[in-house]
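Q: Could you take a close look at the salt bridges in this model for me? I would like to know which residues pair up, and whether each partner is buried or exposed.

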Amino acid sequence: MRVSIREPRPADAEPHRAAVLRSVEHLKPWNPVEPDGFGELLRRQGAELRTFLVVNDEDSGIVGKVNVANIVRARFRNASLGYDSYLPYSGTGRMTEGLRQVVDRCFTSYPDGLGLHRLEINVQPDNSRSVAMAKRLGFRLEGYSPRMLYINDAWRDHERYALTAEEWPGLTAG
């Protein structure tokens, strides 16, 4: 592995801002670009949202950010994954490595993991790189959601991909 994942901390605010600013053109067709939103992201961490930074082990640069959002417990044990990759690491396979670690953490039982059973990734159909990422990780297409999310001043259609713990290699559903 060339990357590690960890929860964000206040000291990451400036490196994260720099990574987002380097990647504006890369991100803006698909996601809101909020270089100054890190403090708010830290404040929102809790039972329904967990964020992980993907960090390059060689130079400690921020490869990307993964949000595990809309976490629901009890019988559902489900969440949605959202992610951004940052330049210059985009396209190097590092984000795939990081997302594999996040999925492992999501499906791992307490206390080491989040103890989830099902994950979703919602992707705009024209975002070929994110569609490829979902498929590379083994997520299957479940459906199409018209006008699902309000992004960049318009309601955007999304394809919905999903994966359960039983489908994830190397883990036994807990």
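A: Here is a walk through the salt bridges, pair by pair. Please keep in mind that this is a predicted model.

The structure holds 12 salt bridges, and three of the pairs are described here one after another. Let's begin with Arg6 and Asp12, whose closest N and O atoms lie 2.7 Å apart. The two partners differ in exposure: Arg6 has a relative accessible area of 22% and is partly exposed, whereas Asp12, at 6%, is buried. The cut-off matters for this contrast, because buried means under 20% relative accessible area.

Next comes the bridge between Lys65 and Asp84, with 3.8 Å between the closest N and O atoms. This pair joins distant parts of the chain, as Lys65 sits in strand S3 (residues 62-72) and Asp84 in strand S4 (residues 78-85), 19 residues apart. Both Lys65 and Asp84 are buried.

Arg118 and Glu142 form another salt bridge, and here the closest N and O atoms are 2.4 Å apart. Again distant parts of the chain are linked: Arg118 belongs to strand S5 (residues 118-123) and Glu142 to strand S6 (residues 140-151), with the two 24 residues apart. Arg118 counts as buried at 15% relative accessibility, while Glu142 is partly exposed at 35%.

That last pair also has company. Arg118 and Glu142 belong to a network of salt bridges that also links Glu120, Arg140, Arg160 and Glu167.

Conventions: Residues numbered from 1 in each chain as written. Predicted model: local features only at pLDDT ≥ 70, side-chain atom pairs only at ≥ 80, totals over all residues. Heavy atoms only, no water. Salt bridge = Lys/Arg side-chain N within 4 Å of Asp/Glu carboxyl O. Buried < 20%, exposed > 50% of the residue type's maximum accessible area, 1.4 Å probe, protein only. Helix = DSSP H or I, 4+ residues; strand = E, 2+ residues; numbered from the N terminus.
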